[in-house]
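Let's take a walk through this structure together, helix pair by helix pair and then pocket by pocket. Have the model open and turn it as you read.

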Amino acid sequence: MSKKRIVVFGGNGFLGTRICKVAVGRGWDVTSISRSGEPTWSSVTSSPVPPPWSTSVIWEKADILKPVTYTSLLNDADAVVHSMGILLEADYKGVLTGKESIWSGLSRAFSATKAGSQNPLERAEGEELRPQEKDGQLTYELMNRDSAITLAQEASFSHVPTFVYISAAAGAPMLPKRYITTKREAESTIASSLPKLRNIFVRPGFLYDSSRSFTLPIAFAGATGNMVNSLVGGRLTPLAGAAVEKPLKADLVAEAVVESIEDEGVKGVVGTQRIEDLANVAWRRGML
């Protein structure tokens, strides 16, 4: 097992911190990049105290929409991970905080189309992404699609051999369709326009962990839905999407992400079963 250097965008998030932890456990050099730097630990773990392993991570601040703020950090990296997609757009947050009416916010949220940035494929090396929505909203198109394409491009410019994109197994009835379509657009564009990169598209379902107690009943409901869906031969998938996909523990997905980087034979889409298989390989590796 060779020592590697990885850069995790969104490394201070729910899944990102766990990817960093697993990579540190393998003795890798790990850099996390986010707007805020080190996590607010109480929001991603069960304790507000930084865990011992966190001192081994370099917690950098940068803006994923502005490559000049992070490109120097990609030098000599073996892999770059994009874990910065959004589940909820700003429309929802405005409604929930009372800054926008329910009708106005939800009508915008479920709009059939929204703008992202300028075409990232026509962007010059290092050129920043410019949000095209008039209020600068962070849309699915911008964060789930264009930021991922741009990061993959910049990784390629820096001769990083492996790019990992945290995608999703499917959409869900309560989310706009654009949530999943923008992720699929990112995958297809990266695969077709950057074929020399070893692209890995990790597609988990709902992630849960005991440190986020509210995720446990959702995971239970999802596991029940998954069991029922299996009994009817998967016929609920087109209707319910991720709601009937097997929920996965966040730590398990993190193990799979790191193992996929380690195993150079892994490429392309990594779905639920493959995630579990890779996590099992990682578990057995840890027992040696």
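At what angle do the axes of H1 and H9 cross? Keep in mind as we go that this is a predicted model. The crossing angle is roughly 55°, and the two axes come within 8 Å. Angles that fall outside the roughly parallel, antiparallel and perpendicular ranges count as oblique, and that makes H1 oblique to H9. As for handedness, H1 and H9 cross in a right-handed way. Want to find the meeting place? On the H1 side, pick out Phe-14, Leu-15, Arg-18, Ile-19, Val-22 and Ala-23; they meet Ala-250, Asp-251, Val-253, Ala-254, Glu-255, Val-257 and Val-258 of H9. Sorted by class, this H1 and H9 contact has 10 nonpolar residues and three charged ones, with no polar residues.

Stay with H9, which covers residues 250-262, and look for its other partner here, H10, at residues 272-287. These axes also come within 8 Å, but they cross at roughly 80°. Since 65 to 115 degrees is the range for roughly perpendicular, H9 is roughly perpendicular to H10. From H9, the contact draws on Leu-252, Val-253, Glu-255, Ala-256, Glu-259, Ser-260 and Glu-262, while H10 brings Ile-275, Glu-276, Leu-278, Ala-279, Val-281, Ala-282 and Arg-285. Here the split is eight nonpolar, one polar and five charged. Notice that Val-253 and Glu-255 of H9 turn up in the contact with H1 and in the contact with H10.

Now for another pair: H5 (residues 140-157) and H6 (residues 178-193), whose axes come within 8 Å and cross at roughly 15°. That makes H5 roughly parallel to H6. The crossing is right-handed. Residues that make the contact include Tyr-140, Ala-148 and Ile-149 of H5, along with Tyr-179, Ala-186 and Ile-190 of H6. By class, the contact of H5 with H6 has seven nonpolar, three polar and five charged residues.

Next, the open spaces. The largest pocket has a volume of about 1700 Å³. It is lined by 48 residues, and the closest to its centre are Gly-85, Ile-86, Leu-87, Leu-88 and Arg-212. Some familiar helices show up in this lining: H1, H6, H3 (90-96) and H7 (215-231) each supply at least two residues. The lining's make-up is 28 nonpolar, 13 polar and seven charged residues.

The second largest pocket holds about 170 Å³ of space. Which helix gives the largest share of its lining? That would be H1, with three residues. Among the lining residues are Thr-17, Arg-18, Lys-21, Trp-41, Trp-53 and Asp-251. Two of those names may ring a bell: Arg-18 and Asp-251 also take part in the meeting of H1 with H9. In this second pocket the lining comes to three nonpolar, five polar and four charged residues.

How values were computed:
Residues are numbered from 1 along each chain as its sequence is written. This is a predicted model: local features need pLDDT of at least 70, side-chain atom pairs count only at pLDDT 80 or more; totals for chains, interfaces and linings use all residues. Side-chain values use heavy atoms; hydrogens and water are left out. Axes are lines fitted to C-alpha atoms, for helices over the stretch in contact, and angles run from 0 to 180 degrees between N-to-C directions. Helices (H or I, at least four residues) and strands (E, at least two) are DSSP runs, numbered from the N terminus. Angles under 35 degrees count as roughly parallel, over 145 as roughly antiparallel, 65 to 115 as roughly perpendicular and the rest as oblique. A crossing is left-handed if the near helix is turned anticlockwise from the far one by less than a right angle, and right-handed if clockwise. Contact means heavy atoms within 4.5 Å. Ala, Val, Leu, Ile, Met, Phe, Trp, Tyr, Cys and Pro count as nonpolar, Asp, Glu, Lys and Arg as charged, and the others, Gly among them, as polar. On a 1 Å grid over the protein atoms alone, a cavity is a set of points where a 1.4 Å probe fits but cannot get out, and a pocket is an open set with protein on both sides within 12 Å along at least five of seven lines; lining residues have an atom within 4 Å of a point. Grid points are joined across faces, edges and corners, and a volume is the space filled by probe spheres set on the points.
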